[in-house]
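This report concerns one protein chain and its ligand. The sequence and structure are shown first.

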Amino acid sequence: MKMWEQKFLVEIMKKQFCILRVDGKAFHTYTKRFQNRFSLDMIKAMNDTAKELLCKVQGSLLVYVQSDEISVLFSDTSSPNAEAWYGNNMQKIASVGASIATATFNGSIAKAFYNAPEICDTPALFDARVFSMPEDDLPNYFLWRMRDANSNALQSFARQYFSHKELQNVDNDGLRQMLLLDAGISYTEGLGERERLGAVFIKKLKDVITDEGDLLSRKVIEEIKLENNCYVNWKNVIDSSIFNSQQLQHKTK
Ligand SMILES: Nc1nc2c(ncn2[C@@H]2O[C@H](COP(=O)(O)OP(=O)(O)O)[C@@H](O)[C@H]2O)c(=O)[nH]1
Ligand SMILES: [Mg+2]
């Protein structure tokens, strides 16, 4: 019987950089329960979910979260004998990834709305996909997702000020102009960076001194600060997170 299962066993090649991307299922409908187009509770729940994935995915290097999606970069390249998560079995990685996202997101929403249980009646669901790509293309992947975030946020922001008809066939430069000239509001000043560009979290080792005076290395999650409304320099962030993962591997041995 096992042979039927084995027939559909697909493994990503070892020693590659992999991306796990989870995405909220039909969130256009799910998010109708929130008051605003950019809801703080939704953003907090997505941040919580991103950080949980960073902790739980073996070999994770960084997570990027925007709107209802999270990309986790992971690999088994931190040392020659580093083990691949679930032996790089795609079905396991995707299903466990979607489960972690679903459980964490709903837990966070339930906590935020403990006095409004009707908000949690229909839980959020996440799908997941997993793939590998050459290291050279990783910055382009993340830039692509960040541009998607910015473009969707701009359109969503503009819909607060203009009708569907007024926004038809207007490109992104046109939307910025309309906002500034007709609504008197600048997109970059009117909407926060997290809403426009998402957030990036990495793992790092931090030295702490205990009350007894001992020096301890602790694994911490750190957010990458976005600078002056700019897209992240993804090459630098990826390089530093690969360096961090080698340090973590070395120190925790
Ligand atoms: N209210 C609210 N909705 C959001 C927020 N972030 C994302 N969304 C919604 O999530 C949708 C995500 O888009 P997408 O994944 O392409 O569509 P889906 O197939 O409906 O999940 C957006 O269209 C928004 O409607 C938020 O912070 N607040
Ligand atoms: Mg979605």
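The sections below treat the overall fold, the sheet, the helices and the ligand surroundings in turn.

## Overall architecture

The model is predicted. Its protein chain contains 10 helices and 6 strands, and the C-alpha trace extends over about 60 × 55 × 45 Å along its principal axes.

The chain has 253 residues, of which 31% are buried. Among contacts in the chain with a separation of 6 or more, 66% link residues that are 24 or more positions apart.

## The sheet

The 6 strands are arranged as an open sheet with antiparallel pairing, in the order 4-1-3-2-5-6. Strand 4 (126-133) and strand 6 (215-223) are the edge strands; each has a single partner strand, so one side of each lacks a neighbour in the sheet. On average, and with direction ignored, neighbouring strands are turned by 25° against each other.

Within this order, strand 2 (residues 60-66) is joined to strand 3 (residues 69-75) by 6 bridges, the two running antiparallel. Strand 2 also pairs with strand 5 in the antiparallel sense, over 4 bridges. Val65 takes part on both sides: its bridge partner in strand 3 is Ile70, and in strand 5 Val65 stands opposite Ala199.

Strand 5 and strand 6 pair over 9 bridges, again in the antiparallel sense. One of the facing pairs is Lys203 with Ile221 in strand 6. The hairpin of these two strands has 5 residues between them, and there Gly213 adopts a positive phi near 90°.

## Helices and their packing

Two helices are placed across the sheet strands. Helix 3 lies across strand 2, strand 3, strand 5 (199-209) and strand 6, and runs at about 165° to strand 2. Helix 5 lies across strand 1, strand 2, strand 3 and strand 4, and runs at about 20° to strand 2.

Helix 5 (residues 138-158) also meets helix 7 (residues 172-181): their axes come within 10 Å and cross at roughly 40°. This crossing is left-handed. Helix 5 contributes Ser151, Leu154, Gln155 and Ala158 to the contact, while helix 7 contributes Asn172, Leu175, Met178 and Leu179. By class, these residues comprise 5 nonpolar and 3 polar, with no charged residues.

## Ala112 in helix 4

Ala112 belongs to helix 4 (residues 90-112). Is this residue buried or partly exposed? Ala112 has 18 other C-beta atoms within 10 Å; because a residue counts as buried only at 20 or more and as exposed at 12 or fewer, Ala112 is partly exposed.

Leaving aside residues up to four places away in sequence, Ala112 touches Asp41, Lys44 and Ala45. Helix 3 spans 40-56. Leu179, one of the helix 7 residues in the contact with helix 5, is 67 residues from Ala112 in sequence and 32 Å from it in space, C-alpha to C-alpha.

## Surroundings of ligand 1

Which residues come nearest to ligand 1? Of the 15 residues around the ligand, they are Phe27, His28, Thr31, Ser39 and Met42. By class, the shell divides into 6 nonpolar, 6 polar and 3 charged residues.

Strand 1 (17-24), helix 2 (27-30) and helix 3 (40-56) each provide at least two residues of this shell. Two of these elements also appear in the sheet and its packing: strand 1 takes its place in the strand order 4-1-3-2-5-6, and helix 3 lies across strand 2, strand 3, strand 5 and strand 6.

Conventions: Residues are numbered from 1 along each chain as its sequence is written. Chains are lettered from A and ligands numbered from 1 in the order in which they are written. This is a predicted model: local features need pLDDT of at least 70, side-chain atom pairs count only at pLDDT 80 or more; totals for chains, interfaces and linings use all residues. Axes are lines fitted to C-alpha atoms, for helices over the stretch in contact, and angles run from 0 to 180 degrees between N-to-C directions. A crossing is left-handed if the near helix is turned anticlockwise from the far one by less than a right angle, and right-handed if clockwise. Ala, Val, Leu, Ile, Met, Phe, Trp, Tyr, Cys and Pro count as nonpolar, Asp, Glu, Lys and Arg as charged, and the others, Gly among them, as polar. A residue is near a molecule or strand if its C-beta atom, placed from the backbone, lies within 6 Å of it. Two strands pair if DSSP finds at least two bridges between them.
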